[in-house]
Amino acid sequence: MKRILLPLLVIILLLSVTACSGYNEVMREHLGNEDNYHVIDATFCSYKEADDRIYLYVAVEDKSAFDSSEVNSEEIRLELVGDNCKVLSEAFAQEEIREGDIITVKCSTWIYMDSTFYYVAELKTQSQTLLSFDDGLKNIIEYVKDNKSLF
């Protein structure tokens with residue numbers, strides 16, 4: 001009995017660890033549905049590049065599209081993932097967007113389990129579109145499909 005119990009516990013532990021890294025079917029369906037993205041007018045505050053992501057910090061007056069936990073937040077952190085990072089990293093490097101600029105983003109405002117999925121699918125300045133919604137959504141869909149969880 002002990003011979004079976006230890007390998008079984010190891011398998012369960014390994015599966016539970018790998019199931020947490022990646023996107024399950026619920027996440028892929030939600031993030032792949034264009035109706036789950038909201039247009040947000042924001043003031044650009046800053047950005048941070050981290051591994052395969054870019055975090056945008058923005059100030060938003062109308063926070064009604066976001067979770068109620070964001071009501072008292074001065075800044076909201078939005079995320080760029082996958083090829084959307086590649087598209088916009090050059091714009092940030094060339095300072096096409098500066099602190100205080102008014103931007104319009106179309107993003108997911110979803111919290112699932114204990115994580116926020118504020119993924120940016122479109123980004124516009126007052127003068128140009130830096131990431132179109134069609135391309136941005138396609139890139140998010142590819143990213144979550146390439147990073148599926150086991151469960």
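A residue counts as buried when its relative accessible area is under 20%, and as exposed when that value is over 50%. With this cut-off in hand, let us walk through the structure, which is a predicted model. Cys45 has a relative accessible area of 18%, so Cys45 is buried. Cys85, at 9% relative accessibility, is buried as well. A disulfide is a covalent bond between the sulfur atoms of two cysteines. How many disulfides does a search of the whole structure find? The count is 0.

Now step back to the overall plan. The protein contains 4 helices and 8 strands. Reading from the N terminus, you will meet the elements in the order α-α-β-β-β-α-β-β-β-β-β-α. Of the 151 residues in the protein, 38% are buried. The exposed surface of the protein comes to about 9,300 Å², with 50% of it supplied by carbon and sulfur atoms. If you take the contacts between residues at least 6 apart in sequence, 62% of them join residues at least 24 apart.

The sheet is a good place to continue. Strands of a sheet pair through backbone hydrogen bonds, either parallel or antiparallel. Here 6 strands make an open sheet, ordered β3-β2-β1-β4-β7-β8, and their pairing is antiparallel. Why is one side of β3 and of β8 left without a neighbour in the sheet? These two strands stand at the edges and each has a single partner strand, so one side of each has no neighbour there. On average, neighbouring strands of the sheet are turned by 40° against each other, with direction ignored. At the β8 edge, 2 bridges join β7 to β8, and the two strands run antiparallel. Follow Lys124 across to β8 and you will find Thr129 as its bridge partner.

Next, look at the helix that packs on these strands. α3 lies across β1, β2, β3, β7 and β8, and runs at about 115° to β3.

That brings us to the interior. In soluble globular proteins, nonpolar side chains tend to be buried together. The largest nonpolar core in this model has 24 residues, and the members that touch the most others are Leu56, Leu78, Leu80 and Leu123. Two or more residues each come from β1 (37–50), β2 (53–59), β3 (76–81), α3 (83–93), β4 (102–108), β7 (120–124) and β8 (129–131). Which element gives the largest share of this core? It is α3, with 4 residues.

Leu56 is worth a closer look. Setting aside neighbours within four places in sequence, Leu56 has contacts that include Phe44, Tyr47, Ile76, Leu78, Leu80, Phe92, Val120 and Leu123. Ser46 and Arg77 are also among the residues that Leu56 contacts. Apart from this core lies another one, of 15 residues, including Trp110, Tyr119, Phe133 and Val144.

Finally, let us visit two loops. Asp51 sits in the loop between β1 and β2. Its phi is near 50°, a positive value in a residue other than glycine. Is Asp51 buried or exposed? With a relative accessible area of 86%, Asp51 is exposed. Met113 is found in the loop between β5 (110–112) and β6 (115–117). The phi of Met113 is near 60°, again a positive value in a residue other than glycine. At 70% relative accessibility, Met113 counts as exposed.

How values were computed:
Residues are numbered from 1 along each chain as its sequence is written. This is a predicted model: local features need pLDDT of at least 70, side-chain atom pairs count only at pLDDT 80 or more; totals for chains, interfaces and linings use all residues. Side-chain values use heavy atoms; hydrogens and water are left out. A nonpolar core is a set of buried Ala, Val, Leu, Ile, Met, Phe, Trp, Tyr and Cys residues joined through side-chain atoms within 4.5 Å. Buried means under 20% relative accessible area, exposed over 50%, partly exposed in between (1.4 Å probe, protein chains only). Contact means heavy atoms within 4.5 Å. Two strands pair if DSSP finds at least two bridges between them. Axes are lines fitted to C-alpha atoms, for helices over the stretch in contact, and angles run from 0 to 180 degrees between N-to-C directions. A disulfide is a pair of cysteine sulfur atoms within 2.5 Å. Accessible areas come from the Shrake-Rupley method with a 1.4 Å probe; for residues, only the protein chains shown count as cover.
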